[in-house]
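Q: Please show me how the surroundings of a ligand, a strand and a whole chain are read from a model.

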Amino acid sequence: MLDVLFQSTFTCMLCAVGILLVLQLLYSSFTSQGKWKEPPGPRPLQLLGNLLQLDLRRLDRSLFDLSKKYGPVFTVYFGFKKVVVLAGYRTVKQALLYHAEEFGDREVTPLFNDFNKGHGILFTNGDTWQEMRRFALTTLRDFGMGKRLSEEKIIEECHYLIEEFEQHKGKAFNSSQTIKYASSNILHAIMFGKRFGYKDPVLRAIVDRDDHTIHLSGSPSIMLYNLFPWLGPFISNWRKLMENVEANKLEIISKVEDLKNTLNTDSCRCFVDAFLHRKQSLEDSKTKNSHYTDDNLVYSVMNLLAAGTDTTGTTVQWCLLFMAKYPHIQDQVQEELDRVVGSRQVQVEDRKNLPYTDAVIHESQRLANIAPMAIPHKTSQDVTFQGYFIKKGTTVFPLLTSVLYDESEWENPQTFNPSHFLDKNGKFIRREAFMPFSAGRRVCLGESLARMELFLFFTSLLQRFCFTPAPGVTEDELDLTPIVGFTLTPSPHPLCAVSRQ
Ligand code: HEM
């Protein structure tokens, strides 16, 4: 009896193994012949994946190099974590614009989950993201994003920034934090209805902590944490990051509480008021499962402040550094400003008559490439892209470095060359491969505000000051090697702001 049982079990097992082998054969013939072929890539090691083939200190460059060998869609493994990299203007555009839905989810790494806990805009997906993003866009527009109202706020801030620069009387100083306080003030004015002095301890603390957070988030130890989250408590950078985020959250909560205590249904002073009014009206109409919660308010405000301060501030810093390094370009910008605008305040309206200046700002953004891998995305569903099969939930890096430095798009991708944005007659030309704000569903939400800030900050400063290296430093010695964090920041470089009057 036992013998019969053993024999039939054995036969069943043989059949099962046979079926599995056939399935395996069918699967490999599918994957190698096209239908489910996965993107190629360097051969990963068992535990480390491709970590040893990547330069984690300059990951974007390293991935850009790999794209030259493996093509515009390829796979790398960070430990066990599989990532599909999209490289080159055509591929990134095709994925983010023509497959916007499939490539439009956000990858929420363990660190970003610790930061946001499923709330806000930057690191959410689905209904929460959709509702919070839509609300933020409409409300920022209501408060003047890209329009006259925010122009006035930015111009007012330019005056404070100029006053601050004048105090250094042409001596060398490091302007990086002051510029970030200025760009943060634009968002503070929109979020809370008022700006703060550059010495205000709370403004300084919020900006400095965010700055530190952005820098540490791109460090190799945090990349390790994202692969092995249980390491968190042993990683000092992770502990520091958690302290920073918690401290900023408490500051924002306290500002929100102040506004709640003075909330008036008849007036809307700022973004927070608009959110609280919406929340109240949904509560009044007994709407169930509303996304208008205190957590979503606090994290959305935190996201907007963090995403909008460092990015804009760092870009202005890069612009000034390029001007100090290339004085002949600075001369041409100032000649154009003097000729077209003279000594009055520059307005956004003037942009169309300042093609060279506009080209310099665009070229600064291109070369500075401050967000080299955008913010990681994730596929929202299975997708076949350029003949490769990419599974739902796969992490995707849209490699913006490979777009802004794409050799088939830019004449001299490695050089600072404003002519990239000028035609033969010196007229400004838009370039499709200019994509520092990314593209598609997740495109930067603050793009039009940022573009206005960059234009007004840059032109107002160049009207008043000539930027030169510190005494004893030549233009050639000004180092353009960035500090790598989540964004690429110029390394500390004191400059002189010499008055032009
Ligand atoms: C020069 C300045 C700026 C640059 C270069 C920049 C760049 C970017 C990039 C590359 C992304 C990621 C897009 C993607 O995942 O594909 C992004 C997202 C985002 N940016 Fe900006 N940004 C700038 C300024 C701002 C400002 C001023 C704000 C706030 C008003 C802002 C708010 C956001 C938000 C909320 C997101 C997340 C969007 C989402 O996940 O739906 N950014 N930005």
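Q: Which polar contacts does the ligand make, and what counts as one?
A: A polar contact is a pair of N or O atoms within 3.5 Å; within protein, one must be able to donate a hydrogen and the other to accept it, and residues adjacent in sequence count only if both atoms are side-chain atoms. Here a backbone N or O atom of Ile375 is 3.5 Å from an oxygen atom of the ligand. Side chains take part too: an N or O atom of Arg106 lies 2.8 Å from a ligand oxygen, and a polar atom of Trp129 lies 2.9 Å from an oxygen atom of the ligand. This is a predicted model, in which local features need pLDDT of at least 70, side-chain atom pairs count only at pLDDT 80 or more, and totals for chains, interfaces and linings use all residues. Residues are numbered from 1 along each chain as its sequence is written, and side-chain values use heavy atoms, with hydrogens and water left out.

Q: How many residues surround the ligand, and which helix supplies the largest share of the shell?
A: A residue is near a molecule if one of its heavy atoms lies within 4 Å of it. The shell holds 27 residues, and the closest are Arg106, Arg133, His377, Ser438 and Cys444. Helices are DSSP runs of H or I with at least four residues, strands are runs of E with at least two, and both are numbered from the N terminus. H12 (294-325) and H5 (126-142) each give at least two residues to the shell; the largest share, 6 residues, comes from H12.

Q: How are the two faces of a strand told apart?
A: In a regular strand the side chains alternate between the two faces of the sheet. Strand E9 (residues 465-469) has Phe465, Phe467 and Pro469 on its covered face, with Cys466 and Thr468 on the uncovered one. Two strands pair if DSSP finds at least two bridges between them; E9 runs antiparallel to E12 (residues 495-499), joined by 5 bridges. Phe467 stands opposite Ala497 in E12.

Q: Is Ala470 buried or exposed?
A: Buried means under 20% relative accessible area, exposed over 50%, and partly exposed in between (1.4 Å probe, protein chains only). Ala470, in the loop between E9 and E10 (482-484), has a relative accessible area of 14% and is therefore buried. With contact meaning heavy atoms within 4.5 Å, Ala470 touches Ala172, Pro494 and Cys496, not counting residues up to four places away in sequence. Of the 501 residues of the chain, 52% count as buried.
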